Amino acid sequence: MLNKIGFAVLGLGHIGQKHCIHISENPEAALIATADINANLIFGHYKNEINIDNLLNYNQIDVVHICTPNGLHAQQAIQCLNAQKHVVIEKPLALSSKDCEAIQVASDKNNKFVFCVMQNRFSPPSQWLKNLILSKTLGNIFSIQINCFWNRDDRYYTPNHWHGTMSLDGGPLFTQFSHFIDLLYWVFGEININYAQFENFNHKQSTQFEDSGIVTFSINSGGVGSINYSTSVFDKNFESSISIIGENGTVKLGGQYMNEISYCHINNYEMPALEKSNPPNNYGNYQGSASNHPYVIQNIIETLNNKSKPHTQLSEGMAVVKIIEEIYKFRK
Ligand SMILES: NC(=O)c1ccc[n+]([C@@H]2O[C@H](COP(=O)([O-])OP(=O)(O)OC[C@H]3O[C@@H](n4cnc5c(N)ncnc54)[C@H](O)[C@@H]3O)[C@@H](O)[C@H]2O)c1
């Protein structure tokens, strides 16, 4: 008989439901309880506990997955850590470095893990790019361009929802594009933000922040780069891509989610065959990032069984929040 890890999911919206499904499908995991303030939301036969205090009464829970709006992550994670639970925090870890530090204090004090969710790291093109840069195959990196052009319109920013609010959402770099900032950080390390400029093109009635921005940055090894992002694209997502110009060649990851290799031309290099990427999460009117959450859950189980370490560590989730915070400091 397997000694299963006990899981709970807090927040049963779009992504919380997926966490429940993937936990239920893992033979080494047991979904013990779920909670959401919306009494109408349930998963399977589970009783919706409505509040976090009731959820934390279940002794069999080892890990709580925090799948609530961004601005709630820190306070809820700290409450779970103080109740002696490990936590999995959906991206972004929090909306400020100060909140990230408070999570770290609670994690250290209680000796409990914090797992960040950056599931795009598991996609074959991301892994290929990471290894390509690690192995210095491209030589010196001259220039990096990230383009993220998605659609989020009134089908997404509905009245009285957390989406679009400064306190719970925080802006597209936190909610839509933090996966791509994470990829940048994961592959290239520290990012120094030089300049950022923002515009709100077609969300003035629906969001408390801008929908678009242009950012310039430099990396420690000397290369420079830019991030050009927008959620103002008509009707559907257009692309998320990263182009890298190096001394020995040029590569581009493209598609809607940086999920395809669109270009690779490198001196004396043969492109290996990659495994197929998983499809994106589909939310009806819009699509999100890659559906790689089963790998996240497997990594948690292996870590808690002392066979691995967190795939995306707390310090890395914090670094991504810090980069976004540095960019948003240029807000007027
Ligand atoms: N990794 C990914 O690809 C990915 C994809 C989508 C969302 N997310 C992240 O997951 C989180 C949730 O996003 P979503 O799209 O599922 O949002 P959602 O609005 O669909 O779901 C959020 C849920 O949290 C519940 N909730 C709000 N306050 C609560 C509280 N105090 N206690 C308990 N439940 C509460 C809401 O009732 C709602 O059901 C966000 O942080 C988002 O950035 C990550």
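In this predicted model, five strands line up as an open sheet in the order S2-S1-S3-S4-S5, and the pairing is parallel. The two edges are taken by strand S2 (29–35) and strand S5 (114–116), each of which has a pairing partner on one side only. Going from one strand to the next, the twist averages 20°.

Further in, strand S1 (residues 5–10) runs parallel to strand S3 (residues 63–66), and 4 bridges hold the pair in register. Within this pairing, Phe 7 sits opposite Val 63 of S3. Helix H3 (residues 73–82) packs on the sheet, where it touches S1, S3, strand S4 (86–89) and S5. The direction of H3 makes about 160° with that of S4. As a general point, strands of a sheet pair through backbone hydrogen bonds, and this can be parallel or antiparallel.

Now for the chain as a whole. It contains 9 helices and 14 strands. Its radius of gyration is 20 Å, close to the 20 Å that the globule rule gives for 332 residues, so the chain is as compact as a globular protein of that length. Laid along the principal axes, the C-alpha atoms fill a box of roughly 55 × 50 × 35 Å.

As for burial, 43% of the 332 residues count as buried. Contacts also reach across the sequence: taking those between residues at least 6 apart, 67% join residues at least 24 apart.

Technical notes
Residues numbered from 1 in each chain as written. Predicted model: local features only at pLDDT ≥ 70, side-chain atom pairs only at ≥ 80, totals over all residues. Rg over C-alpha atoms; globule rule 2.2 N^0.38 Å. Buried ≥ 20, exposed ≤ 12 C-beta atoms within 10 Å, placed from the backbone. Contact = placed C-beta atoms within 7 Å. Pairing = 2+ DSSP bridges. Axes fitted to C-alpha atoms, helices over the stretch in contact; angles between N-to-C directions.
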